[in-house]
Amino acid sequence: MTHGSSPSQFLADERPLRRMALPAVLVLSCLILTILITLVIARQPPSFDGAMNLQVAWSLSNGEGYQRSYADRTVFPKEVQTNAPYVVPAAVFYHLLGVGYASSQLTNLIYFYVLLLTCYMLVRREYSASAAALAVIAVLVTPGIMTFGFNGYGEIPALAWALLSLFFFTSRESWGRLALAGLCLGLAVCTKTVMAICAFAFGAGYVAILLFQPRTAPSLKAFRIALLIAAALMPVLLMEAWRYVSLGGLGEFRAWWETSFDSINRQAGTQAGFQDTRELSAKISTHLGLLGGMLGLSTPLLVAWLVGPFLILPLFLVREGWSRKSLAIGLPLAAAGIYLAWWLALTPTQKAWHRRILDGVVLLNLCWVWAGALIFTWLSGRNRTAAWVAGALMLASAGALFGQFFKHDLQKELASHPEHPDLERAIATVRGLPRDALILGIGWDSAPVISLLSGRPFEDVNNVPISSLQGKKTYFVTDNTTAAADVDAIVGTYRSTPLGSGDSPYRVYHVDFGVPADRLSSPPSNDVAWLPRVLDTRTATDTATAGFYGLEGDGAWMSSDAYMRLRYTRGSQLGLRAYLPDLGLYTKQGKPISISASIDGCPLHPIRLAKGGLQEIWFEVPSQCMPEDGESALVRISSDGLIVNSITRDDRALFAKVPLVGFAQPGLLEQVSDSDASGNKARNEDVSWMRVEPISGSFCHGGREVFAARVRWRAQAGVNPHGGMHVWVSHGDAAPKLWLSSGAMQGDATTGEWVREGTRFALRSGSGKELASASAPAPFCPQG
């Protein structure tokens, strides 16, 4: 085979050593960058999404099936979107080497080496070693390659299979290579569904070449096309057979794909479901801005980078005609074009992530190398001087572009030398928990990295009724992705003790689900008259201190365990209006659901529900559980049933939609709620008030005695507004100092971190009369 010219041939008349200088430098650069990347990656933990993928590999290595080590161990979990061609080799490495940082990265590293070698061979087959080395460098410096090319992600493995397919198809023709091309294309799609983009572009090109091959009998053409398709379908069919058997039959298999197709369409943008930019032009502009930020390119450079290969390569491919050489260049260009068009114009803005365009960027960078090689080859056959100048300009341009990519991303990644002491402490803590401990994540926030690397499966606290956790050794684990609301749902609701110290997001808490947190059990510091007798979740859940989700028009969903502080009136019963779907949708599978309640820890007689629908449920309050008339009471309501759900559909713990709950006579919940609302409205208008709400900040974990606070106030109707309202602050015996002044009759402001427990805030009118006051309580901190 003959090779075309490249910049390394500038020195063709010099000594052999001189001729080898440029390719040697470029190849050496490839090796050095690859080694540096390997050394950094081998010391990194997998990402959140990558750890979910690798949990399946861990389960397979333990002989437990294609499932995560989380929650109900669903087979073929829908949140795992990198599949068997990645997961199975990872399972083999786990079985041989155990679970650790390096073994978790090994599968990605091997696929990365395969991708680099394939890119080198695709270019080297037609051009020089210098051009081939530039192709490798183009991949190495692609922004995001270290973040999304490793760490348990499947983008690079999928692309490696696709380009390996292209290499086999464009090699010397044989039935074996044709079958391998189809097989690799099928494996690419099996690895990541998004590889259907490459499968479409590559597959169409393969079939076109085979169909229009000159001097070939139609029967032979049909056989070759059939062989290609059969080889591509083989891994897909094997994967689906595995899924069919694991799910348990045709019904489950069809249901799995129905929900999966819906998810694929929503994520691809072919179906509504995610936040998006409406106008197409605005959407493309927005996504271009996002892409420019990801790649570190200004808008003019970004446009030139996007458009260049599509202007240059077709001109040369037309001259080449239909050939395997033109196919090796044209198909990646077509795939890159489809990728970019989909990401810029179709994918929802909410899903316009760097990871989802990484393969398209790699392909376009590869096309830039081919464009440069084609231009130089064309010029070198016409004018030696022009070839020298063009070669120098192209090397300078490649150096500038790839240098910018390197500076924007890879240089920072290589220089970061990340260490993970907080993560490693959490892993060690979890690893050392009692073997019979129940370790919990919450919904999507499953802390998969800690679970995977500690070798301990986690349960989903939203999958089990809280009542079933009482009296057990339960631990709650958070990581750097756990939402603050999810932390508060556990640590702020139940007595929780952090294991270890520090202010890290990687935390392990020992949780007693039978005891409320101090902030719930402590009586309110404000006037009890403000508390409702009946909580109306259709308008507010402020007093529903725990266990309710966001407001909806017909009420809020309640979890399996909820606390609320209410005002008791003599002679009332505890009631709730609740809507329950069909009981067949619950974890008890149609069996009656038991509801229990308590008032300030005093248990009421439980009630069993035998049907769903909208209903009122009433608990009689025995004398020993009755609070004093007009006093506050902490009410707890629990159920032993939850709606069966999936973290990819709705990861909340849902028991019932509860619009009204509180103290009233049976049948009078609505009337008492209306009376509360009218009384609060009148009280808001006729009484001056002030509230101080502490903000924990660094108070809990930083060892500080001061904190910030939110201060709200309102002056009653009739107060003379002349001179404005003024908030004065004092602590202990110190003289009050003016904090702020306002011309408004009501206000809401946040202090700096100078408030102490007991700091007194006073609202005064312009005449100096004190209208209301409040003292700052200490912020709530988890016990430890």
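**Salt bridges and exposure in a predicted model**

Modeller: In this predicted model, D436 and K473 form a salt bridge through their side chains, at 3.3 Å from N to O. Local features need pLDDT of at least 70 and side-chain atom pairs pLDDT 80 or more, whereas totals for chains, interfaces and linings use all residues. Side-chain values use heavy atoms, without hydrogens and water, and residues are numbered from 1 along each chain as its sequence is written.

Colleague: Why is the contact of D436 and K473 called a salt bridge?

Modeller: The term requires a side-chain nitrogen of Lys or Arg within 4 Å of a carboxyl oxygen of Asp or Glu. The N to O distance here is 3.3 Å, so the pair qualifies.

Colleague: What makes D436 exposed?

Modeller: Exposed means over 50% relative accessible area, buried under 20%, and partly exposed in between (1.4 Å probe, protein chains only). D436 has 54% and therefore counts as exposed. K473, at 42%, is partly exposed.

Colleague: Is D561, which forms a salt bridge with R636, buried or exposed?

Modeller: D561 has a relative accessible area of 2%, so the residue is buried. R636 is also buried, at 10%. Their closest N and O atoms are 2.9 Å apart, and the pair is therefore a salt bridge.

Colleague: How do you know that R538 and E670 form a salt bridge?

Modeller: Their closest N and O atoms are 2.6 Å apart, so the pair meets the salt-bridge definition. R538 is partly exposed at 28%, and E670 is partly exposed at 23%.
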